[in-house]
Amino acid sequence: MYLKTPFNAAFGEALRRSFAYPGVVIHIIIGRYDYMKYPLTLCAILLTMIFTAIADAKPVDIEKEPAEHQQIDPEKENTTDDTLGRKYIMGITGSFGGTYPGGTVAGVGDQKRSIGMAYTAGAHFGFKTWDTGAIMSAVEYARKTLVLERSYMGLPMTNTFELSFVEILAGYRHFMDMIYIETGIFYAVKTGDWTEHKKVGKISTRSTIDERSGKNEMGIYLGAGVAYPVWNNIAIEAGLRVDASFLNAYAGNGDKLRSNTAMIRAGVSYTTAL
């Protein structure tokens, strides 16, 4: 049996209206009842509203921003491939510098050696055997000038020997980031006509050096430089190389000469996996 009392009436109306109009229940009930007299009614209304709000609430969809598509730098992505895959190095180089003659210079004690001009141009090829090192080879055309100063019959005399070679180099290049150092051996094959320019006092003469006086050279080289990458797998190279021959290139008129050169080098190299 249902008993109609102020409490039941208030609770029923609060319950009904809480489901129908949860937003205005408090205004309606507060206007008609003294909740200090009916504290349970107040609790019931508040609980009803809370559960109603929970029941009616919809989960909020939090739209997560899509993960930003990360652009991978092909060069970084292929770091391992570049390091291990790009094993072959090809390039062209040119150099310019000076030659200082070694060996024996004939004279009466006033003879001296002077620095002459030297230049080369050629191509090089390398195979990377390690991440930081490569076996290198090169073929170059080299022009070297040996200059001697002494006296002849009381007059100053200068002998200038102009030599040309095709040089074959083989060695090892070690990389330290962009910096490299290299060393190896070279064999220089005599090519073309060699000439001697002789100046005694104010008189100058030029002659071709006898074939029997010209020899092939062989020696060691040491170099260092920078290979600066400018685009993808292309790098600009710049450095210094010193060549020292231990075989005489010229033997005549008492002179036995070999070349020692120091040159500034520049070129372009290309690395590939082929």
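Here are five short exercises on a predicted model, each with a worked solution.

**Exercise 1: Get an overview**

Find out how many helices and strands the chain has, and what share of its residues is buried.

*Solution.* Start with the secondary structure: there are five helices and twelve strands in the chain. Next, look at burial. The chain has 274 residues, and 35% of them are buried. Then turn to the surface, where the accessible area is about 17,000 Å² and carbon and sulfur atoms account for 64% of that. Last, check who touches whom. Take the contacts between residues at least 6 apart in sequence: 64% of these link residues at least 24 apart.

**Exercise 2: Follow strand β12**

Work out which strands pair with β12, and in which sense.

*Solution.* Go through the partners one by one.

- Step 1: β1, residues 88–104, pairs with β12, residues 255–272, in the antiparallel sense, and 17 bridges join them.
- Step 2: β10, residues 234–245, is also antiparallel to β12, with eleven bridges.
- Step 3: β11, residues 250–252, pairs with β12 in the antiparallel sense too, over three bridges.

Now zoom in on Ile264 in β12. Phe96 sits opposite Ile264, and so does Leu240. For β11, pick Ala251: its bridge partner in β12 is Lys256.

One more thing to spot is how β11 runs into β12. The two strands make a hairpin with two residues between them, and Asn253 in that turn has a positive phi of about 55°.

**Exercise 3: Two loop residues with positive phi**

For Met153 and Asn232, say where each lies and whether each is exposed or partly exposed.

*Solution.* Take Met153 first. Its phi is positive, about 55°, although Met153 is not a glycine. You'll find Met153 in the loop between β4 and β5. Its relative accessible area is 71%, and exposed means over 50%, so Met153 counts as exposed.

Now do the same for Asn232. This residue isn't a glycine either, and its phi is near 50°. Asn232 belongs to the loop between β9, residues 217–231, and β10. With a relative accessible area of 40%, Asn232 falls between the 20% and 50% cut-offs, so it is partly exposed.

**Exercise 4: Look inside the cavity**

Describe the largest cavity: its volume, the residues closest to its centre and the classes in its lining.

*Solution.* Begin with the count: the structure holds one cavity of 30 Å³ or more. The largest cavity has a volume of about 130 Å³. It is lined by 18 residues, and closest to its centre are His124, Arg173, Glu182, Arg241 and Arg265. Now ask which elements supply the lining: β4, β5, β6 (179–190), β10 and β12 each give two or more residues. Finally, sort the lining by class, and you get seven nonpolar, five polar and six charged residues.

**Exercise 5: Try the second largest pocket**

Do the same for the second largest pocket: give its volume, its lining and the elements behind that lining.

*Solution.* The volume of the second largest pocket is about 210 Å³. Its lining has 16 residues, and those nearest the centre are Arg150, Tyr152, Met157, Asn159 and Lys198. Two or more lining residues come from each of β4 (133–152), β5 (155–176), β7 (195–200) and β11. Sorted by class, the lining of this pocket has seven nonpolar, five polar and four charged residues.

Key:
Residues numbered from 1 in each chain as written. Predicted model: local features only at pLDDT ≥ 70, side-chain atom pairs only at ≥ 80, totals over all residues. Heavy atoms only, no water. Helix = DSSP H or I, 4+ residues; strand = E, 2+ residues; numbered from the N terminus. Buried < 20%, exposed > 50% of the residue type's maximum accessible area, 1.4 Å probe, protein only. Contact = heavy atoms within 4.5 Å. Areas by Shrake-Rupley, 256 points an atom, 1.4 Å probe, with all protein chains shown as cover. Pairing = 2+ DSSP bridges. 1 Å grid on protein atoms, 1.4 Å probe; cavity = no way out; pocket = protein on both sides within 12 Å on 5 of 7 lines; lining within 4 Å. Points joined across faces, edges and corners; volume = space filled by probe spheres on them. Nonpolar A, V, L, I, M, F, W, Y, C, P; charged D, E, K, R; others polar.
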